[in-house]
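Visitor: Could you take me through one part of this assembly slowly? I'd like a close look at the surface near DNA strand C, and then at how the protein chains around that strand meet.

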Number of protein chains: 2
Amino acid sequence: MTMEGSTPRGRTRIQKEKREVILEAALEVFSANGFRGSTIDQIAEAAGMSKPNLLYYFRRKEDIHETLMHRLLDTWLAPLKELDNIGDPMTELRSYIRRKLEMARDYPRESRLFANEILQGAPRIMPMLEGELKDLVDEKVEVIKGWMRSGKIARTDPWHLIFAIWATTQHYADFDVQVRAVLGPDRGGEGRFEDAARFLEQLFLEGLRPKS
Amino acid sequence: MTMEGSTPRGRTRIQKEKREVILEAALEVFSANGFRGSTIDQIAEAAGMSKPNLLYYFRRKEDIHETLMHRLLDTWLAPLKELDNIGDPMTELRSYIRRKLEMARDYPRESRLFANEILQGAPRIMPMLEGELKDLVDEKVEVIKGWMRSGKIARTDPWHLIFAIWATTQHYADFDVQVRAVLGPDRGGEGRFEDAARFLEQLFLEGLRPKS
DNA sequence: CAATTTTTTGACCGATTGGACAAACGTTAG
DNA sequence: CTAACGTTTGTCCAATCGGTCAAAAAATTG
């Protein structure tokens, strides 16, 4: 029996392993060149196998990308999911910013893959944006609104607050080459994430300090 | 004599006009699909001419992109160039944020073209980033440092302040589809730029209010 | 061992791509 | 008019692309 892409059943040990190798290679290639800029040959070479061999595990180039994007969104939303109102609002926000910045530092390829997809108009994940993502944001917006009502943080627009956190943190992954070019050799080393963390904490925590 | 791409001399009126039409079409196509994702045929069609005709004005696909990127950087740096210390620091910063946000609103294609290039590792404009861009930022960092020394704004990292302004404003162009998907039909209309402007002003101006 | 199934590969295919080129067309100057 | 120059197009080409296929090689099973 040939492998059925639709049925998760019947995956042998080799299939599971090779599919992981391919996905890892595809993440590397897709995040660096975008979907249309990447070729199956490139991915196959990065995965250490021939093109027909790769196509034995994923029938179409788009299947690889789709699998990658589905996994990605879960990883990507995880930090926001952790945001809840059991702790102190300022502490919660600081933790969220830190987690997002750590993701930009530790998973820049994932961030760039996501950025690539959105830049092209999100043709393959639009439903997920309007569904899962929007629902999660709506939920967290209510949490933030609660903080504002109770005077724990300044009143402002919760949606744009979330956008600002996304934008500033992901910037260090997506625009990494620009950040390093501007900072130069001295300031552009690994310490840039520490500097960024300090700055962003100050910006957001001072910027959201409740007036009273 | 055939047209020399290297010599700006000898451009007829028709050449100037057609080159502009091509660049406008290329901006549309490149910003939506990236460099490798765009074809000469697409650009030619958007420009209302045949592919060989287009190649009469630009010998290679890359020449179009290069011309576009060179112009782009000038446009892109203009708002930052205007930042100087003749006015009140807070007013200057507010103006800068507003100008950048207006650019994201009025020139989203340019923003996405730039983002695409940086995402791919800036293969074609790296020298400009390390040269012009870095020099300009270094200069403005000194301006901001002066404001901090004189106690007009809070002491913080000027480089990351600039990054944060870039990231938050360009986010509304580069991640537009995500912003609109998350905001939904009600809040995602044209008013979103007004909301963003209000939020960003509050965030940055409160976040940078000097502690006295 | 042999039979069967899974994995791998070389060769191939049609479509698309960036680009070349010569011929045709248009325009202008003498 | 004609010669020269600028512009446009149809046709063509080599390279690359995503993907197929049959057959070989490995692995698994009995």
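Guide: A residue counts as near a strand here if its C-beta atom, placed from the backbone, lies within 6 Å of it. This is a predicted model, in which local features need pLDDT of at least 70, side-chain atom pairs count only at pLDDT 80 or more, and totals for chains, interfaces and linings use all residues. Residues are numbered from 1 along each chain as its sequence is written, with chains lettered from A and ligands numbered from 1 in the order in which they are written.

On to the strand: 20 residues surround DNA strand C, and the closest are A:Ile14, A:Pro52, B:Thr39, B:Pro52 and B:Lys61. Chain A gives two or more residues to this surface from each of α1 and α3 (51-57), while chain B does so from α2 (40-47) and α3 (51-57). (Helices are DSSP runs of H or I, at least four residues, numbered from the N terminus.) By type, the surface near DNA strand C has nine nonpolar, five polar and six charged residues.

Now for the protein chains themselves. With contact meaning C-beta atoms, placed from the backbone, within 7 Å, 50 residues of chain A touch 49 of chain B. On chain A's side, α1 (13-33), α6 (108-119), α7 (126-149), α8 (158-174), α9 (176-187) and α10 (192-207) each supply at least two residues. Superposing chain A on chain B takes a rotation of 180° with 0.0 Å of shift along the axis, at RMSD 0.1 Å (least squares on C-alpha atoms of residues with pLDDT of at least 70 in both). The two copies are thus related as by a two-fold rotation axis.

Note on methods. Contact = placed C-beta atoms within 7 Å. Nonpolar A, V, L, I, M, F, W, Y, C, P; charged D, E, K, R; others polar.
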